[in-house]
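Me: I've got a protein on my screen and a pile of terms I don't quite trust yet. Can we go through how each label is earned?

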Amino acid sequence: TAVIPTREFDEGTYLTMLTKQGNIKKTSLADFESVRKSGIIAITLEKEDSLEWVRITDGTKSLILGTHDGMVIRYSEEDVRPMGRTAKGVKAISLREGDKLVGFDIINSGDEDVNLLVVTNDGFGKRIKIGEFRVQGRGGLGLIGTKFKTPKSKLATLRVVGMSDEFIIATSNGV
């Protein structure tokens, strides 16, 4: 699911994990310092759930999540308390019937000049100033991140990008 390169296992650094069904969990990186040969449990998952995203955070960031139906929520990392390795996490966002998470990224505190890049499944992309997404509380529905061109259009992914960033977008067919 994720490869996180690190040499330091500081107490003030966290792994923030998000599952497909919308559970979010923050665990101290120090809890992963002693890994056995057989591995260790990082998160407890429900039957139909899976771990989708993992990011390194420092407790001061903003988190931004997007759903297939175009909803986006932004909230402070402080809204997610640190938990032990075996915890399943707490509700990250309220998903409407048939909706699912498609993206998760981190915004550095005070970094309001970056953009949110949203990409739809039919190839449209849009940059939105991060400042347009007010900070909300964890577990809400979020705000409309993008409107779609056709009824079959859905949000494919989102990513926080800088003004000078370049990116490559690939389809599931390898284009």
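Here is a short back-and-forth on those labels.

Reply: Sure, and keep in mind that this is a predicted model.

Me: What makes the chain as compact as a globular protein of that length?

Reply: Start with the elements: there are 0 helices and 11 strands. The radius of gyration is 16 Å, close to the 16 Å that the globule rule gives for 175 residues, so the chain is as compact as a globular protein of that length.

Me: Why is the pair Lys154 and Asp69 called a salt bridge?

Reply: The closest N and O atoms of Lys154 and Asp69 are 2.8 Å apart. The cut-off is within 4 Å, so the pair counts. Lys154 sits in the loop between strand E10 and strand E11, while Asp69 is in the loop between strand E4 and strand E5, 85 residues apart.

Me: How do you know whether Asp105 is buried or exposed?

Reply: Buried means under 20% relative accessible area. Asp105 has 7%, so it counts as buried.

Me: And what is Arg159 called, then?

Reply: Arg159 has a relative accessible area of 42%. Partly exposed runs between 20% and 50%, so that is the label for Arg159.

Me: What do Asp105 and Arg159 tie together?

Reply: Their closest N and O atoms are 3.3 Å apart, and they form a salt bridge. Asp105 lies in strand E7 and Arg159 in strand E11, so the pair ties together parts that are 54 residues apart in sequence. Arg55 joins Asp105 and Arg159 in a network of salt bridges.

Methods: Residues numbered from 1 in each chain as written. Predicted model: local features only at pLDDT ≥ 70, side-chain atom pairs only at ≥ 80, totals over all residues. Heavy atoms only, no water. Helix = DSSP H or I, 4+ residues; strand = E, 2+ residues; numbered from the N terminus. Rg over C-alpha atoms; globule rule 2.2 N^0.38 Å. Salt bridge = Lys/Arg side-chain N within 4 Å of Asp/Glu carboxyl O. Buried < 20%, exposed > 50% of the residue type's maximum accessible area, 1.4 Å probe, protein only.
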